[in-house]
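User: I'd like to understand the reasoning behind a few labels on this model. Could you take me through them one at a time?

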Amino acid sequence: MKLTVLGCSGTYAAPGNPCSGYLVQSGETSVLMDAGPGTLGELQRHIRLEDLDAVLISHSHPDHWVEVPVLRNALRYVLDRSGVPLFTTAETVKLISAACHEQVSPTFEMSTVSDGSEFTVGPLTVRCSRTDHPPETLAFCVDDGERRLAYSADTGPGWSFEEFGGPPIDLGICEATFREGSPQALDSAASGGGVHMTACEAGAMARRSGVGSLIVTHLLPGADPLAAAEEASAAYGAEATVASSGLVREI
Ligand SMILES: [Zn+2]
């Protein structure tokens, strides 16, 4: 399996770094996992849109899905494609439908998924797990029969990769929006937490879950990636990588 980070900027896009979007490939199968603003252009650096097999959207926050109506423009009006499977939460289905003027079909074949949902895309099995984040948010575990990759989407520290059960996860992509002790982290904790993780919480969660290797992502624009890497690595007990647009990882 191959992961390509298209964009990973938390909350809003940064110069040269779109919001959340990850390309997962296995053999001839290509899946787009989240489609935040700016990810459509980056996606085309790596695949032709004709070759996109499915879209997974984790939740209804706009930094994770607003490229979908623009992707529909490309598929419907230029490439004449239809029936592209799109899996997401009930609330996100409604928002995407509204943004496409209720004309999602026939371009996308939308499926509502929720905690515990399992489906296949070609040779890949995808499992969903509800995270610790205010709107219904789904983490995804993608399994090609040999290797497992898991993406936390957005989550507070009340969720972990352990929720997927099964064999160990080879590659974990975990959000690490905040730095430990930062004003945003303190504000989040003071209001009850459960929105995002710090790099330290992400590293500790990955360590507890026995994740083989860790990429931390969804840092706020302007955050210091080296400091986040140090914080996550210390808690993980091994070197964690900070995501960046264009990062490729084979597992
Ligand atoms: Zn969110």
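User: Why is His 61 called partly exposed?

Analyst: Happy to explain! In this predicted model, the relative accessibility of His 61 is 28%. Buried would need under 20% and exposed over 50%, so His 61 falls in between and counts as partly exposed.

User: And what makes His 59 buried?

Analyst: His 59 has 0% relative accessibility, which is under the 20% cut-off, so the label is buried.

User: How do you know which protein atoms are donors of the zinc ion?

Analyst: A donor here is an N, O or S atom within 2.8 Å of the zinc ion. His 59 (NE2), His 61 (ND1), His 133 (NE2) and Asp 154 (OD) lie 2.2 to 2.3 Å from the zinc ion, so they qualify. Along the chain, their spacing reads H-x1-H-x71-H-x20-D.

User: Why is the arrangement around the zinc ion called irregular?

Analyst: The angles between the four donor atoms run from 91 to 164 degrees. Tetrahedral would require all angles between 85 and 135 degrees, and 164 is outside that range, so tetrahedral is ruled out. The arrangement is therefore classed as irregular.

User: How do you know that Cys 174 is in no disulfide?

Analyst: The closest cysteine sulfur, in Cys 200, is 12 Å from that of Cys 174. A disulfide needs the two sulfurs within 2.5 Å, so this pair is too far apart for a bond. Cys 174 is also buried, at 0% relative accessibility.

User: What is the disulfide count by this rule?

Analyst: The count is zero. Cys 141, for one, has its nearest cysteine sulfur 10 Å away, in Cys 128. Cys 141 is buried too, because its relative accessible area is 0%.

Notes
Residues numbered from 1 in each chain as written. Predicted model: local features only at pLDDT ≥ 70, side-chain atom pairs only at ≥ 80, totals over all residues. Heavy atoms only, no water. Buried < 20%, exposed > 50% of the residue type's maximum accessible area, 1.4 Å probe, protein only. Donors = N, O, S within 2.8 Å, 3.2 Å for Na, K, Ca; no water. Tetrahedral: all angles 85-135°; square planar, octahedral: opposite > 155°, others 65-115°.
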